[in-house]
Amino acid sequence: MKMSPRFDEAGQALSEVTTGLLPSLMYLTDILPKESIVWKLKMLRTAASYVNSRLHAVKAQTLVVASGNDELLPSRDEAERLRAKLKNCRIRHFRDNGHKILLEDGFDLATSIKGSTYYRRSRQPDFVSDYLPPTPDELEKAIDHDRLLNFATDPVMLSTLTDGRIVRGLAGLPREGPVLFVGYHMLMGFELGPLVTGVLKSTGIHIRGLAHPFLFNESSEQLMPDTSYFDLPRIMGAVPVTGVNFYKLLSEKQFVLLFPGGAREALHRKGEEYKLFWPEQSEFVRMASRFGATIVPFGVVGEDDICDLLLDYNDLVKLPFYDTIDKKINEGGLRKLRTDSTGEIKNQDMHPVVLTPKVPGRFYFIFGKPIETRGREKELRDKEKAQHLYLHVKSEVESCIKYLKEKREEDPYRSILPRLLYQATHGSDAEIPTFEP
């Protein structure tokens, strides 16, 4: 029943033939006597022993695809065994797929290869040059992944024109790169899906995010219930946040997404919502000016309208044995990020949080007035002037957040209940009004 549509006719014919053969299966005992089955099992055992004795010598990158609903073979257990034996192995578990996973609808082997970062053009992987844009099917799956969140929050997107006028929609965004989007990182990164797919659907602009190395760490994958948990950000263009990757993206005139607050901002403590945790010194201004990139500050609010933070990091460290969990999450050099920073921003450790849901409110995005750096390269080489522009961008992000927090009070459809009533009377595809910009 999970057969891909392209195999419908063949699948139906196979089903009919198999059904017709069922009454004759009892005669298999005559065709395959006990001695033949024992002999075949011995052959299989010998072959398995031969292969297992040589697994340690396999050095090639290996991707193991395992079905969670395989009723013929213990695929999940075998995948874990192979991962322990093979030196360079990654696993992708697919919980709802069966034994014939390669023929089943909803599974794409090429997507799994891309998501595991095993596709590359040269000997060494390059997250920028190796990247392949999402196919229409992959984009649809990315949109579908956030469908529930988009339904519950009905994001409102505003932008600022060059004359400073705020309008609903994304008419104020630059259409040519390089462009650097700099903004506030909402709790748990709730804004990422609606932001990236929303901009792509509305404008065709594909934003490439600079992401925490945790999303690319093989050890991190094993901590997730689903090892493909991080594949979607990779497929949508996220790269590890490094100076080299930042340089490459801007040099290719890409649209780049940067959160200077990083993990400390996305995993903030109680009472710290909408507070920026940016480094004291500028990190991106001179790089952006080197390529004449346009900087677009933006703000987003709404996390406090969908959940409350029940347990934060300060609560977790008081729990027995949490230090063991903390070491496991942040192993593999993840603690070395931003070692040259001071204060709170230096703490880029990853950790879980416990949330309590609320009756959904609404997400609000606003993109500030674009800031041009083209022609200012020599000027912004000066550290003092670069710092001045850096603080100006930070101030613009804070102003965006303040504007949204004030204006959302005027939105009669801020809560999900009025929005549901509006859609019931105007149709499910109707654009729901909001406050006047």
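**Aromatic pairs and selected loop positions**

G237 is located in the loop that runs between α10 (231-235) and β7 (239-240). The model described here is predicted. The relative accessibility of G237 is 0%, so this glycine counts as buried, the cut-off for buried being under 20% relative accessible area. When residues up to four places away in sequence are left out, G237 touches Y131, H206, R208 and G209. One of these, Y131, is separated from G237 by 106 residues in sequence, yet the C-alpha to C-alpha distance between the two is 7.0 Å.

Two of the residues touched by G237, Y131 and R208, are also related to each other. R208 lies over the face of Y131, and the distance from the ring centre is 4.0 Å. A second arrangement of this kind involves R54, which lies over the face of Y50 at 3.8 Å from the ring centre.

P74 also occupies a loop, in this case the one between β1 (62-67) and α4 (75-85). With a relative accessibility of 54%, P74 counts as exposed, because exposed requires a value over 50%. Whereas G237 is buried, P74 is therefore on the other side of the classification. P74 and H99 stand 25 residues apart in sequence, and their C-alpha atoms are 9.7 Å apart in space.

Aromatic rings pair with one another in several places, and the structure holds 17 aromatic pairs. One of them is formed by F259 and F298, whose ring centres are 6.0 Å apart and whose planes meet at 75°, an edge-to-face arrangement. F259 is in the loop between β8 (255-258) and α12 (262-266), while F298 belongs to strand β9 (residues 294-301); the pair therefore ties together parts that lie 39 residues apart in sequence. F259 and F298 are both buried. A further pair consists of Y413 and Y422: the ring centres are 5.3 Å apart and the planes stand at 75°, so this pair is edge-to-face. The planes in this pair exceed the cut-off, since edge-to-face applies to angles over 60 degrees. Y422 has a relative accessibility of 15% and so counts as buried.

The pair of F259 and F298 does not stand alone. Both phenylalanines belong to one aromatic cluster, which is formed by F181, F255, F259, F298 and F367. Within this cluster, F259 and F298 are the residues described above as an edge-to-face pair, and both are buried.

Note on methods. Residues numbered from 1 in each chain as written. Predicted model: local features only at pLDDT ≥ 70, side-chain atom pairs only at ≥ 80, totals over all residues. Heavy atoms only, no water. Phe/Tyr/Trp six-rings, centres within 6.5 Å; stacked < 30°, edge-to-face > 60°. Helix = DSSP H or I, 4+ residues; strand = E, 2+ residues; numbered from the N terminus. Buried < 20%, exposed > 50% of the residue type's maximum accessible area, 1.4 Å probe, protein only. Lys NZ or Arg CZ within 6 Å of the ring centre and 35° of its normal. Contact = heavy atoms within 4.5 Å.
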